[in-house]
Amino acid sequence: MQTSWGSLYDEILSCERCELCRKIHNKVPGQGDPNTDLMFIGEGPGADEDLQGLAFVGAAGQLLTKMIAAMGKTRDEVYICNIVKCRPPQNRVPLPEEAAACLPFLRQQVALVKPKIIVLLGATAAKTLLRPDFRITREHGIWEERKGIWFMPTYHPAALLRDEPKKKDSWHDLQLVMEKMKELGIK
Ligand code: URA
């Protein structure tokens, strides 16, 4: 039987499936419209997210908000979450076993939201959800359809803040998402 949002969030908040939960201030389950067709998945909470318990509220989050606005949407109209729900120390990339331990939560979130499109923000999301040898520089902007869901891998907003010229590629990827939304009749 499918879990409810309430029990899923409770499970996340009490999770001790890996070591990441030992040194955090808050779990960051994710937030947004639970009935949206459009979902964004990042890597893991940073310092601001850890303090607030909310996904993508720091500098990268502010850029993500602008990216979503450029697509004609607001953050409240999409669902935003991460591969891992606890901040890795010093913002290191989550270990594959940490991502694997957290993955059942993400799968349940996807099952509850039932998005038509998932935008994968950065290599960690693409490696975890598409394949471990995914190369974001080479393979961003290429659709992959899995079980009726369209996945669009693109750069993580933090990478765009570090390397501004990548923004052009990222905008191209987001335009593909907007085209697909039109094609699928997503408002
Ligand atoms: N980076 C992420 O991948 N996720 C967040 O929530 C914030 C920064």
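**A ligand shell and selected residues**

Trainee: At what distance does a polar side-chain atom of Asn-82 lie from a nitrogen atom of the ligand?

Mentor: The model is a predicted one, in which local features need pLDDT of at least 70 and side-chain atom pairs count only at pLDDT 80 or more, whereas totals for chains, interfaces and linings use all residues. Residues are numbered from 1 along each chain as its sequence is written, and side-chain values use heavy atoms, with hydrogens and water left out. For the pair in question, which joins the side chain of Asn-82 to a ligand nitrogen, the separation is 2.7 Å.

Trainee: What percentage of the area that the ligand exposes when taken alone does the protein bury?

Mentor: The reference value is the accessible area of the ligand taken alone, 240 Å², computed by the Shrake-Rupley method with a 1.4 Å probe. Of that area, the protein buries 91%.

Trainee: Which residues are around the ligand?

Mentor: A residue belongs to this shell if one of its heavy atoms lies within 4 Å of the ligand. By that criterion, the residues are Gly-42, Glu-43, Gly-44, Glu-49, Ala-55, Phe-56, Asn-82 and His-156.

Trainee: How many residues in the shell around the ligand are charged by class?

Mentor: Asp, Glu, Lys and Arg count as charged; Ala, Val, Leu, Ile, Met, Phe, Trp, Tyr, Cys and Pro as nonpolar; and the others, Gly among them, as polar. Sorted in this way, the shell has two nonpolar and four polar residues, while the number of charged residues is two.

Trainee: Which residue has a backbone N or O atom 2.9 Å from an oxygen atom of the ligand?

Mentor: Glu-43 also has a backbone N or O atom facing a ligand oxygen, but there the distance is 2.8 Å. The residue with the 2.9 Å distance to a ligand oxygen is Phe-56.

Trainee: Is Phe-56 buried or exposed?

Mentor: Phe-56 is in the loop between α2 (47–52) and α3 (59–70), where helices (H or I, at least four residues) and strands (E, at least two) are DSSP runs numbered from the N terminus. Its phi is near 50°, a positive value in a residue other than glycine, whereas most residues other than glycine have a negative phi. Because its relative accessible area is 4%, and the cut-offs are under 20% for buried, over 50% for exposed and in between for partly exposed (1.4 Å probe, protein chains only), Phe-56 is buried.

Trainee: What is the relative accessibility of Lys-147?

Mentor: Lys-147, in the loop between β5 (144–146) and β6 (149–154), has a positive phi of about 45° although it is not a glycine. Lys-147 counts as exposed because its relative accessibility is 87%.

Trainee: Which residue has its backbone oxygen 2.8 Å from a polar atom of the side chain of Gln-109?

Mentor: Gln-109 lies in helix α4 (residues 96–113) and is buried, with a relative accessible area of 0%. The backbone oxygen that lies 2.8 Å from a polar atom of this side chain belongs to Pro-29.

Trainee: How far apart in space, C-alpha to C-alpha, are Ile-24 and Arg-87?

Mentor: Ile-24 is in the loop between α1 (5–13) and β1 (31–32) and counts as buried because its relative accessibility is 18%. Although Ile-24 and Arg-87 are 63 residues apart in sequence, their C-alpha separation in space is 6.4 Å.

Note on methods:
Polar contact = N/O pair within 3.5 Å; in protein donor to acceptor, adjacent residues only side chain to side chain.
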